[in-house]
Amino acid sequence: MARPTAPVTALRFTADGKSLALGTSALAAQVLADLKVVRPEVQRTPEAVEMSDSDVSAAEGDLIYVGYEGDQGREHGMAVMTSTPWKKLRAVVAKRQLLVQDSAWFSAGGPVAAKIVLHDV
């Protein structure tokens with residue numbers, strides 16, 4: 001399996017209207033690290049990085065994995081992802097944004113979630 005060498009972002013749109021770039025402490029981030037996937041520097045902290053709707057620069061990368069926390073998260077995500085700042089991100093311009101199972105990537109833990117993340121990567 002080829003491993004990504006360009007920065008990869010994992011991003012969650014939450015039901016309460018937040019846009020969070022995944023930090024390093026979540027299970028999905030640990031799977032990415034084990035696979036030697038490079039993450040943007042701003043995302044190399046334990047906690048998730050909250051972005052404003054007008055400044056999505058923390059999501060910048062060559063590939064973006066996106067998850068929605070329920071219907072409200074999807075609505076928020078769609079609003080952000082149709083904005084001009086979002087459309088200027090490298091991965092978006094190159095059509096390299098992928099929808100992932102939110103619960104596995106951002107909520108759950110354990111071997112089943114890790115296997116889902118591994119499959120997605």
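Two strands count as paired if DSSP finds at least two bridges between them. That rule underlies the exercises below, which use a predicted model.

**Exercise 1. The sheet**

Work out the strand order of the open sheet, then find its edges.

Solution.
- Step 1: order. Five strands make an open sheet, arranged β3-β2-β1-β4-β5. The pairing is mixed.
- Step 2: edges. β3 (49-51) and β5 (97-99) each pair on one side only, and these are the edge strands.
- Step 3: twist. Ignoring direction, neighbouring strands are turned by 30 degrees against each other on average.
- Step 4: one pair in detail. β2 (residues 19-21) runs antiparallel to β3, and three bridges join the two. Within this pairing, Leu20 stands opposite Glu50 of β3.
- Step 5: the covering helix. Helix α2 (residues 70-81) lies across β1 (8-13), β2, β4 (63-68) and β5. Relative to β4, α2 runs at about 140 degrees.

**Exercise 2. Thr14**

Locate Thr14 and decide: is this residue buried or exposed?

Solution.
- Step 1: place. Thr14 sits in the loop between β1 and β2.
- Step 2: burial. The cut-off for buried is under 20% relative accessible area. Thr14 has 5% relative accessibility, so Thr14 counts as buried.
- Step 3: polar partner. The side chains of Thr14 and Asp16 make a polar contact of 2.4 Å.
- Step 4: contacts further along the chain. Beyond four places in sequence, Thr14 is in contact with Leu20, Glu69, Gln72, Gly73 and His76.

**Exercise 3. The nonpolar cores**

Which residues of the largest nonpolar core touch the most other members, and which element gives the most to this core?

Solution.
- Step 1: hubs. The largest core has 18 residues. Leu22, Tyr65, Trp105 and Phe106 touch the most other members.
- Step 2: contributors. β1, α1 (27-34), β4, α5 (102-107) and α6 (111-120) are the elements that give two or more residues. α1 gives the most, with four.
- Step 3: the other core. A second, separate core holds 17 residues, including Leu11, Val49, Met51 and Met81.
- Step 4: one hub up close. Leaving out residues up to four places away in sequence, Phe106 touches Ala10, Leu11, Arg12, Leu22, Gly67 and Val100.

**Exercise 4. Aromatic pairs**

How many aromatic pairs does the whole structure hold? Classify the pair of Tyr65 and Trp105.

Solution.
- Step 1: count. The search finds four aromatic pairs.
- Step 2: geometry. The ring centres of Tyr65 and Trp105 are 4.7 Å apart, with 35 degrees between the planes. This pair is tilted.
- Step 3: span. Tyr65 belongs to strand β4 and Trp105 to helix α5, so their pair ties together parts 40 residues apart in sequence.
- Step 4: burial. Tyr65 and Trp105 are both buried.
- Step 5: the cluster. Phe13, Tyr68 and Trp86 are linked by ring pairs into a cluster.

**Exercise 5. Arg39**

Why does Arg39 count as buried? List its polar contacts with Val8 and Gln43.

Solution.
- Step 1: place. Arg39 lies in the loop between α1 and β3.
- Step 2: burial. Arg39 counts as buried because its relative accessibility is 7%.
- Step 3: surroundings. Not counting residues up to four places away in sequence, Arg39 touches Pro7, Val8, Ala10, Leu22, Gly23, Ala29, Leu32 and Arg44.
- Step 4: polar contacts. A polar atom of the Arg39 side chain lies 3.1 Å from the backbone oxygen of Val8. The side chains of Arg39 and Gln43 are joined by a polar contact of 2.7 Å.
- Step 5: a distance. Arg39 and Gly73 are 34 residues apart along the chain, and 23 Å separates their C-alpha atoms.

How values were computed:
Residues are numbered from 1 along each chain as its sequence is written. This is a predicted model: local features need pLDDT of at least 70, side-chain atom pairs count only at pLDDT 80 or more; totals for chains, interfaces and linings use all residues. Side-chain values use heavy atoms; hydrogens and water are left out. Axes are lines fitted to C-alpha atoms, for helices over the stretch in contact, and angles run from 0 to 180 degrees between N-to-C directions. Contact means heavy atoms within 4.5 Å. Buried means under 20% relative accessible area, exposed over 50%, partly exposed in between (1.4 Å probe, protein chains only). A polar contact is a pair of N or O atoms within 3.5 Å; within protein, one must be able to donate a hydrogen and the other to accept it, and residues adjacent in sequence count only if both atoms are side-chain atoms. A nonpolar core is a set of buried Ala, Val, Leu, Ile, Met, Phe, Trp, Tyr and Cys residues joined through side-chain atoms within 4.5 Å. Rings of Phe, Tyr and Trp (its six-membered ring) pair if their centres lie within 6.5 Å; planes under 30 degrees apart count as stacked, over 60 as edge-to-face and the rest as tilted.
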